[in-house]
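Welcome! Here are a few short exercises, each with a worked solution. Have a look at the structure, then follow the steps.

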Amino acid sequence: MRKKIISIVLAIWVLMIVISVVLLFLPRTIHLDGVAVKYRLGEDNREPEQTVHINMDGKRYLTASGDYIFRGTIDIEGEPFPVPEDQKRLEIRFHKGYGLMEYIIFENGKTDIFVYGTLFVDRAFSKLTIAISEEDSNGEQNSKSWSAEDGLMLSMPATNRSEAIQLSNELMETYLGGYTLK
């Protein structure tokens, strides 16, 4: 009788582990809809921040390495993405909490890439910050970059610049390697 009880307990334990692993790797629906703050970094750059509406819809997949893949759309109010409507679907591969927000565009037999910026998220996909890539002033065509000194940022959820910077520092901690955004 004792062996039978041990076998049943062991079978239940194994079943629970298998179910947990399967549930862990199932895609999760992501729906993040709210207000973000768009602002420029730097103590001397006190341009007024803007509030914008962001809508993120899609699925989050966990990879075997523990990183995430997001497949879906991200709409940002007031951002004129030069991407055809039927090609606005993204696939962002996150490593250590961040991934490149880039659109691959197919038009007239040509392929082009539009990079909006680097997207940082928490594990629950409930907070985000974007380091927005801007055209370089060095004259090179299609050259974009971002600077921790005076770069353009977008953070959600936040209601003001102070909250937005705090959120950006939290989500970008590993990426910044000890540097603090201001």
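**Exercise 1.** Find out whether R161 is buried or exposed, and which side chain of opposite charge is nearest.

*Solution.* Start with the surface: R161 is buried (under 20% relative accessible area, with a 1.4 Å probe and protein chains only; over 50% is exposed, and partly exposed lies in between). Next, look for a partner: E49 is the nearest side chain of opposite charge, 5.2 Å away, and R161 has no salt bridge (a side-chain nitrogen of Lys or Arg within 4 Å of a carboxyl oxygen of Asp or Glu). Finally, check the backbone: the R161 side chain reaches the backbone oxygen of G42 at 3.3 Å.

A note on the source: this is a predicted model, where local features need pLDDT of at least 70 and side-chain atom pairs count only at pLDDT 80 or more, while totals for chains, interfaces and linings use all residues. Residues are numbered from 1 along each chain as its sequence is written, and side-chain values use heavy atoms, leaving out hydrogens and water.

**Exercise 2.** Place E170 in the fold and describe its exposure.

*Solution.* First, E170 belongs to helix α2, the helix that spans residues 161–171 and also holds R161. Then take its relative accessibility: at 42%, E170 is partly exposed. Last, its C-alpha atom is 9.1 Å from that of D122, 48 residues apart along the chain.

**Exercise 3.** Work out which strands stand at the edges of the sheet.

*Solution.* Read the order of the eight strands in this open, antiparallel sheet: β4-β3-β2-β1-β10-β7-β6-β5. β4 (90–94) and β5 (98–107) each have a single partner strand, so one side of each lacks a neighbour in the sheet.

Conventions
Helix = DSSP H or I, 4+ residues; strand = E, 2+ residues; numbered from the N terminus. Lys, Arg positive; Asp, Glu negative; His and termini not counted. Polar contact = N/O pair within 3.5 Å; in protein donor to acceptor, adjacent residues only side chain to side chain. Pairing = 2+ DSSP bridges.
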